[in-house]
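Please open the model in a viewer and set the display to cartoon. The stops below give, in turn, what to select and what is found there.

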Amino acid sequence: MVREFLTRLRFFLSRKRPVDLDDELQFHLEQSTQTNIAAGMSPEEARRQAGIAFGGVERTREQCYEQRPGRLLEAVGQDVRYALRWLGRNPIFTTAVITTLALGIGATTAVFSVVDSLLLRPLPYPNSEQIVRIWNTFSPRGMNEIPLSEPEFLEYQQSQSFAHVAGFSLGTVTLTGTGDPLRLVASWGTSEFFSVLGTEPFLGRVFSTQEQQAGHTQVVVLSYKLWQNRFGSNPDIVGSSVLLNGDSSVVVGVMPRDFKFPSEDVDVWQPLAISPASSNLGNHYLNLVGDLKQATLDQARAEMKTILVRIEEKYPTYYNGAAGIGVVLIPLREQMTGSVRTTLLVLMAAVCFMLLIACTNVSNLLLAKAEDRKKEIATRTALGASRWRIIRQVLIENLLLFLASGTVGLLLAFFCLKILPFGDSVNVAQFGGVALNLRVLAFAAILCLFTGLLFGLVPALKASHSDFNDTLKTSGRNSVGSRRGTRHRSLLVISEIAFSLVLLAGAGLMIGSLVRLLGVTLGFDPKNVVTMRLSLPQARYSLGRTATFYQQLQEQVRSLPGVEAVAIVNQLPLSNTSANSSLEVEGRPAGTDINVADSQIISPDYFRAMGIPLVRGRFLSEADTRPAPMSVMVNQTLARKVWPGENPIGKRIRFRSDAPWLSVIGVVTDIKNHGSNVATKPEVYFLHTDQPSGLWADFRSMTLIVRTAGGPQQTVGAIRGELKNLDPDLPIYKVQTLDQIVSASVSQTRFPALLLSVFAGLALLLAAVGVYGVLAYTVEQSKHEIGVRMALGAPRAQILRLFLGQGVKWAMLGGGAGLLAAFILVRFMRSMLFEVGAYDPGIFASGVAMLTIVVLMACYLPALRATKIDPMAAVRSE
Amino acid sequence: MPPSTDLLQGTLDLLILKTLALEPMHGWGIANRIQQVSKAALQIGQGSLYPALHRLEYKGWIKAEWASSENNRRAKFYSLTCAGKKQLEAELSNWDRLNTAIRLVLEQI
């Protein structure tokens, strides 16, 4: 075995000299001749007979050669070398193919890698497929995801469908004692929190059950990021103490790098102690998460519903027989991807269409090339090349092209992922980030091979199929639209046009939505306003001190140069978080109708700083805070809803039956408080004082709003300085201009609109190139016929019409098919659209018009060239 | 010339190896010897002889050397290698088995 292998290797490495074989065969021939002479023939006759007996020398030589080990490999190598040479000789063709395909493969790979990380790859938690989020719903108010109160949590926790159910909340704490004060995102979880997710800590341990008891909760688990950045990856961190909100907590563990639950930016986890006897039904602050234990989602749902009924029966006064309370279970991934899922799938479909167009174009190019090479291939066939050999040759060329394109495409994808603003609309970090991992590489490779074989095989088969006898005799004479090849190419062009129209329609709908979204009157003026958030630690700030602090801060900042107005608010508009409370209207019995309003806590200058105009009544002022807050302002929606047709000024409301009445002293215009695409909700504006007056709100965490004369970012430094004078231990965070907030709020629409437009634009370009290429080729092939027609007196205009007519036919057929496909497909985009119908006739019409214009433009040049043909030259050239 | 018998696939290799087991020989000699011994029933055309010789050489069962022929011409002489001898034995026993098997079938039916 070994010896055989070595011999083979030796011959593989060193060839025999071809002369050897020649000499050997010559010797054989001579011996035969000698024998014949010895048998009594004349020398000539002897040689002739020997030659006849011997047969063809070439064939033998060829066969001897084919015995050589590694012969197949060598032949493939030969094909590759030949293919490279051939591609090098056709640089324009090669570049065109590689550019087109690289765009297609690159874009598809980039989008796929996002789809992979968000929808396919398992979440970085061991139990991720079993994890479910649990919310209450209240359909009468359209509330889909209500956090739960402690008594509700305690009941849900007894569910048998779940291995564990944990409650958690999110907030911020301030870390002091290690350099500058740092505001941290904190998550407080009940005892089962880490068991639900199943992740083991990187260092140390997670909370023990004992630490869930009130009074024992002064422990903390750090995130990997915080441990790395703030504590220098100190391996001995476990056991040491840190100051959180001024209280000392013992570090018990560090979580691994990719543990980012419940949010991407969470820095510390602390235990949440809930008394088993808790009866606080009004405070809905708990987020619930559980991992299913051998139960399907439906079973768990059914069980939770029975538990909900039990809760309602247990607390009849609170729920008061209110109909419409429900419970929903949402798998974790679905919760995390949310509406992004549709966007991603639409983008994936769009990019696949673009890839199809790119491949169609390339297939077209390959077909045209194959047509050009008919003669070469016919000659090779005549010289004895087998059909398989020719298919192999063409296929190898095509695969080389697709592999080169794949490589360029991957680079392109890598680059795209670096520059695309995914972060705005998709929180990818929570999924472990987007990366070109092995799966994505495999996807690209399969894409490459599959498209290469599929779109490369047809031209290869066509090339090998040609009847060389025919080809060699005729010299490729052609007439307009008469050949099978032309029909094949027309079909490709028509499908390209159809795909482009689908993409154009999709992009058009998104752009339409974006334009309408940007055109929405927000109700406030976001220019030149900078905002930042502050959280005062409860330990050092009583409500009284909090009020004084914010008043001082506003006064200091107001005195800074360039500052026009300063205010504070608990929740900025568009911030997706709001506290809504039910309110009682004076003179109407409680429970007659449910009025719910967002309660905004503001300082008197809020409306001036935000640029919100007054409708009637007056603005709140400092004077309204003393001796006790008695006045509020409302927005138009609330006034219209609660007091239709009445003057709301002077009417009184309150948030709880044990709180004082508050009179309405002014009405301001509606602002888009929940985002441009959401109807304005009723809103009550309440002054920031030292008395909450029945509001469930955190008076210590406020957003500072500063309107400046220009360049709002430049004042941030000065504001930080003022803050340091007041309290050096306070961090500020979420420093954003109002413009940035507004812009981020439409990113869910802008991002897909941008990408779809890019895809549609590229598709249109590729389709135009395809149309141009095919028509130019047809003109080239039918030069002779055009010459004859012109010689017989056809006017140039008629020739022009002939070819433009071809373009119109393509546009109509492709456009028709595209419209049909678009009508079927845009339905899936419905949830992404804003104030634009999925079948908006204007957008579809402009898509068709744009496509027709582009197709005609692409046809015009080759058609014009056809009219410039010199009939004499064309007819004589054959 | 009597009609040449078609050789079973693989038997040509066996015949060549067996012929070369006696002494080193050139291609023409091998063909000649097989023809003579088989009383002209087996005629090996050069079109199958030389590819077979090359194949065997590539497999390392025979080796080739240039030497003077009986009439002082330069000729390529093939001889068995050690591996070739083993291969011959293996193929001979193979052939015997096949032969016996075929004969058994033919006699039974």
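## Stop 1: the sheet of chain B

Select E65(B) first; its bridge partner in β3(B) is F77(B). This model is predicted, and side-chain atom pairs count only at pLDDT 80 or more. Next, extend the selection to β2(B) and to strand β3 of chain B, residues 74–80: seven bridges join the two in the antiparallel sense. To see the whole sheet, add β1 of chain B; the three strands form an open sheet in the order β1-β3-β2, with antiparallel pairing. The edges are held by β1 (25–26) and β2 (62–68) of chain B, and each has a single partner strand, so one side of each has no neighbour in the sheet.

Now select helix α1 of chain B, residues 11–22, which packs on this sheet and touches β1, β2 and β3 of chain B. The direction of α1 makes about 100° with that of β3(B).

## Stop 2: chain B as a whole

Display all of chain B. How many helices and strands are there in chain B? The chain has four helices and three strands, and from the N terminus on they follow the pattern α-β-α-α-β-β-α. The C-alpha trace of chain B spans about 55 × 35 × 20 Å along its principal axes. Colouring by burial would mark 31% of the 109 residues in chain B as buried. Among the contacts in chain B with a separation of 6 or more, 51% come from residues 24 or more positions apart.

## Stop 3: the contact between the chains

Show both chains and select the residues at their contact: 19 residues come from chain A and 17 residues from chain B. On the side of chain A that touches chain B, the elements giving two or more residues are α1 (2–13), α2 (18–38) and α4 (57–66) of chain A. By residue class, that side of chain A comprises six nonpolar, seven polar and six charged residues.

## Stop 4: helix α10 of chain A

Move to residues 297–314 of chain A, which form helix α10. This helix has 18 residues and reaches 25 Å from its first C-alpha to its last, close to the 26 Å expected at 1.5 Å a residue. Which residues of α10(A) are buried? They are A300(A), M304(A) and I311(A). These residues lie on the same side of α10(A), because they cover an arc of only 35° around the axis.

Show what surrounds them: the buried residues of α10(A) pack against β1 (131–138), α7 (150–156), β3 (162–176), β10 (287–292) and β11 (325–331) of chain A. Then turn to the other side of α10(A), where the exposed residues include D298(A), K305(A), R310(A) and E313(A).

## Stop 5: strand β17 of chain A

Finally, select strand β17 of chain A, residues 631–635. Five of its five residues are buried, so β17 is largely enclosed by the rest of the structure. With side chains displayed, S631(A), M633(A) and N635(A) point one way from β17(A), while V632(A) and V634(A) point the other way.

Add the partner strands in turn. Strand β19 of chain A, residues 662–668, pairs with β17(A) in the parallel sense over five bridges, and V634(A) has V667(A) as its bridge partner in β19(A). Strand β20 of chain A, residues 683–687, runs antiparallel to β17(A) and is joined to it by three bridges. In β20(A), Y685(A) is the bridge partner of M633(A).

Methods: Residues numbered from 1 in each chain as written. Chains lettered and ligands numbered in written order. Predicted model: local features only at pLDDT ≥ 70, side-chain atom pairs only at ≥ 80, totals over all residues. Buried ≥ 20, exposed ≤ 12 C-beta atoms within 10 Å, placed from the backbone. Pairing = 2+ DSSP bridges. Expected span 1.5 Å × (residues − 1). Arc of directions from axis to C-beta. Contact = placed C-beta atoms within 7 Å. Axes fitted to C-alpha atoms, helices over the stretch in contact; angles between N-to-C directions. Nonpolar A, V, L, I, M, F, W, Y, C, P; charged D, E, K, R; others polar.
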